[in-house]
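Visitor: Please take me through one part of this model in close detail. I would like to see how its pieces meet.

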Amino acid sequence: MVLGAVVIALALAALMVTASRSREGALTHRQGMRLVLWAGGIVPSVVLLALLIATLPAMRPIRAAGDDLRVTVTGEQFWWRMAYQPAGAAAVTSANELRLPVGRDVVLALAGGDVLHSFWVPGLAGKMDMVPGRTNTLVVHATRAGRFRGQCAEFCGLSHALMAFDVVAMEPAAFDAWLAAERRPVITAAAAGARLFDAHGCGGCHAVRGTGAAGAIGPDLTHLGARATVAAGIQPLTTANLVRFIRDAPAVKPGARMPAYPQMSATDATAIARWLETNR
Ligand SMILES: [Cu+2]
């Protein structure tokens, strides 16, 4: 495209130089008007129309079929709520990472939670707004396995730029195995980290299935350990990053709707982080 643009620009510059050097009256008014009509009107219209017709089939939206996997993605300040709804099975809740089976249509129901957000995964599809009170549908189809970057594309508040996520396209068998694992509750409900999670009141906002924590204000943390990032795609999932976020979320993410825990000891935070990480 750059080469094409340079060639056209150079050709126009050359044309301008020739025109300004040629003597006056080389073309009659009539000839000039005819040149403008053809070169400026008819030829571009025909070329653009032909290109439009040739690309119309590619612009047709993919239609959803009844048996496609549906995922409801809700935009929240400043994270993503995910609910997988496979045909004929119960929904599975997760957050901040979207997994898709390769080679299948997946229907994304994009909902707005609080303010306007926009769902944008450049490697998969165009942008689509998430509007509070309505659901927009986007059908995506991953053609190869891999990781794609997603980002909120509509200014939604202080940490708008820190509202990202990963899309992981997987082979269908691997996807089914992951979804089955995601469906299971945690088996570590008796761990020391689980008790501290409860004691600090984290369950008021977060759900961890298999424990008493059933809050729905923040992301579901049941299988946090299976995700690659913390806090909506902004940091790799490591114990250190988790500890920092748990002790002072607003410092990592200004405006985040999670309080800081200045009174929490590093030992407690580390125990909670280690426990969350082991829940894969
Ligand atoms: Cu945003």
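**A helix pair, up close**

Guide: The axes of helix α4 (residues 192-199) and helix α7 (residues 266-278) come within 8 Å and cross at roughly 115°. The model is predicted. The crossing of α4 past α7 is left-handed. Two packed helices are described by the angle between their axes and the distance between the axes.

Now the residues. From α4, the contact takes in Ala192, Gly193, Ala194, Leu196 and Phe197. From α7, Asp268, Ala271, Ile272, Arg274 and Trp275 meet them. Sorted by class, this contact of α4 with α7 holds seven nonpolar residues, one polar and two charged. Gly counts as polar here, and Gly193 is one of the α4 residues in the contact. Asp and Arg count as charged; Asp268 and Arg274 are on the α7 side.

Step back to the chain. Domain 3 spans 192-278, and the pair sits there: α4 covers residues 192-199 and α7 covers residues 266-278. Ahead of domain 3 come domain 1 (22-60) and domain 2 (69-183). The C-alpha centres of domain 1 and domain 2 are 44 Å apart.

For context, look at the strands as well. An open sheet has five of them, ordered β3-β2-β1-β5-β8, with mixed pairing. Its edges are β3 (92-95) and β8 (135-141), each paired on one side only. On average, neighbouring strands of this sheet are turned by 25° against each other, direction ignored. At the β3 edge, β2 (residues 79-85) pairs with β3 in the antiparallel sense, over four bridges. Arg81 has Ala95 in β3 as its bridge partner.

Terms used
Residues are numbered from 1 along each chain as its sequence is written. This is a predicted model: local features need pLDDT of at least 70, side-chain atom pairs count only at pLDDT 80 or more; totals for chains, interfaces and linings use all residues. Domain bounds come from an automatic or database domain assignment. Two strands pair if DSSP finds at least two bridges between them. Helices (H or I, at least four residues) and strands (E, at least two) are DSSP runs, numbered from the N terminus. Axes are lines fitted to C-alpha atoms, for helices over the stretch in contact, and angles run from 0 to 180 degrees between N-to-C directions. A crossing is left-handed if the near helix is turned anticlockwise from the far one by less than a right angle, and right-handed if clockwise. Two residues are in contact if their C-beta atoms, placed from the backbone, lie within 7 Å.
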